[in-house]
Amino acid sequence: MTINLTMKSTEAYSHFNRQEWSALAKPKQAALSKQEIELMQGIDQIISPDEVTDIYLPLSHMLYIQMTHSMNLHHEMNLFLNRTTKKVPFVIGIAGSVSVGKSTTARLIQALISQWPTKPKVDLVTTDGFLLPNATLNARNLMKKKGFPESYDIERLIHFLTDLKSGSAYMEVPMYSHLTYDRLQNEVQKVEEPDVVIVEGINVLQVNKKKSNIPEVFVSDFFDYSIYVDADEMNIKQWYIERFKLLQNTAFQDPSSYFHRYRDLSPTEAVAFATDIWNTVNKVNLEKNIKPTKYRANMILKKGPGHRVSDIQIKKT
């Protein structure tokens with residue numbers, strides 16, 4: 001008998017449409033101004049106030065419940081073990097395809113969490129900084145697989161998360177420039193005693209398929225809660241092409257941009273070039289490495305046209 005694993009996986013989730021989700025409880029004193037929302041938008045993504053109210057306020061409240069449960073459990077374990085240990089950060093993982101809007105989702109969640117009654121210190125870490133430097137990727141003939149699992153310094157990411165969950169007071173995270181398309185050599189993000197850390201990246205729910213010094217430890221092992229940002233591939237592809245066209249008229253005009261050479265492509269050439277990158281790189285990575293991790297997430301946010309969330313799935317507890 002053949003078992004449809006995808007169908008079985010969906011049965012592990014409670015489903016909510018947009019109307020059902022927006023009717024759930026929201027924090028009474030949490031809101032973002034129009035100016036704050038605009039600052040969090042991506043170059044190709046406009047966030048409407050109702051998207052924040054209908055989707056992200058209930059999401060923030062649900063995460064607050066998760067965080068409160070984690071703190072209560074920590075307190076109870078301290079009593080049981082007769083020890084006094086400091087609570088380690090609550091870690092949220094956010095995964096999904098290139099161009100699906102992970103970064104905007106992460107920034108929105110970060111801003112709303114910072115308004116919780118406990119006023120937690122929230123750090124946002126992207127896994128782009130853990131991409132291997134271009135020189136290393138070139139030496140390994142991996143530039144055309146940038147964003148695939150083998151293009152990341154997973155061991156360094158695991159070590160960072162291990163330090164984070166060990167209660168380290170100070171950590172440094174490598175930083176990445178989307179302008180030069182490479183890891184920055186002399187800049188780091190300082191992570192100092194956070195209460196909550198959001199780890200965002202296409203690879204955060206992937207398992208380690210290659211041999212390494214830590215073969216049985218995955219990035220997601222360190223998450224207290226995980227979110228997969230989903231959308232139909234036709235929408236993601238269109239968002240990727242539209243973002244490429246926008247960047248062509250903005251960031252690509254900078255002589256220091258890695259993609260400066262593509263600034264003068266005609267509209268037809270730009271669409272053709274972006275489509276080729278999607279089909280040969282991003283589509284392959286999505287289907288082979290990213291999409292198969294969707295049902296490892298605690299929550300799935302499904303987006304429709306205009307980056308508007310249409311459906312939410314919550315893993316049953």
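**Finding V98 and its surroundings**

Trainee: Where is V98 placed in this model?
Mentor: Keep in mind that we're looking at a predicted model. Follow the chain past β2, and before you get to α5 (102-113) you'll meet V98. So its place is in the loop between β2 and α5.

Trainee: Is V98 buried or exposed, and what is its relative accessible area?
Mentor: Buried means under 20% relative accessible area. V98 falls under that cut-off, so V98 counts as buried, with a value of 18%.

Trainee: What about S99, and which residues does S99 touch?
Mentor: S99 is in the loop between β2 and α5 too, and S99 is buried at 7% relative accessibility. Leave aside neighbours within four places in sequence, and the contacts of S99 are I236, W239, Y240, R243 and H307.

Trainee: Which residues of the UniProt "binding site" help line the largest cavity?
Mentor: The annotation comes from an unreviewed UniProt entry, and V98 and S99 are among the residues it covers. From that set, the lining of the largest cavity takes in G96, S97 and V100.

Trainee: Now the sheet: which strands stand at the edges?
Mentor: It's an open sheet of seven strands, in the order β1-β9-β8-β7-β2-β6-β3. Each edge strand has a single partner strand, so one side of each is left without a neighbour in the sheet. The edge strands are β1 (13-17) and β3 (122-126).

Trainee: At about what angle does helix α4 run to β9?
Mentor: Helix α4 (residues 49-81) lies across several strands, including β2 and β9. Its angle to β9 is about 15°.

Key
Residues are numbered from 1 along each chain as its sequence is written. This is a predicted model: local features need pLDDT of at least 70, side-chain atom pairs count only at pLDDT 80 or more; totals for chains, interfaces and linings use all residues. Side-chain values use heavy atoms; hydrogens and water are left out. Two strands pair if DSSP finds at least two bridges between them. Helices (H or I, at least four residues) and strands (E, at least two) are DSSP runs, numbered from the N terminus. Contact means heavy atoms within 4.5 Å. Axes are lines fitted to C-alpha atoms, for helices over the stretch in contact, and angles run from 0 to 180 degrees between N-to-C directions. UniProt positions are given in the numbering used here, feature names are shortened, and annotations may be inferred rather than shown by experiment. On a 1 Å grid over the protein atoms alone, a cavity is a set of points where a 1.4 Å probe fits but cannot get out, and a pocket is an open set with protein on both sides within 12 Å along at least five of seven lines; lining residues have an atom within 4 Å of a point. Buried means under 20% relative accessible area, exposed over 50%, partly exposed in between (1.4 Å probe, protein chains only).
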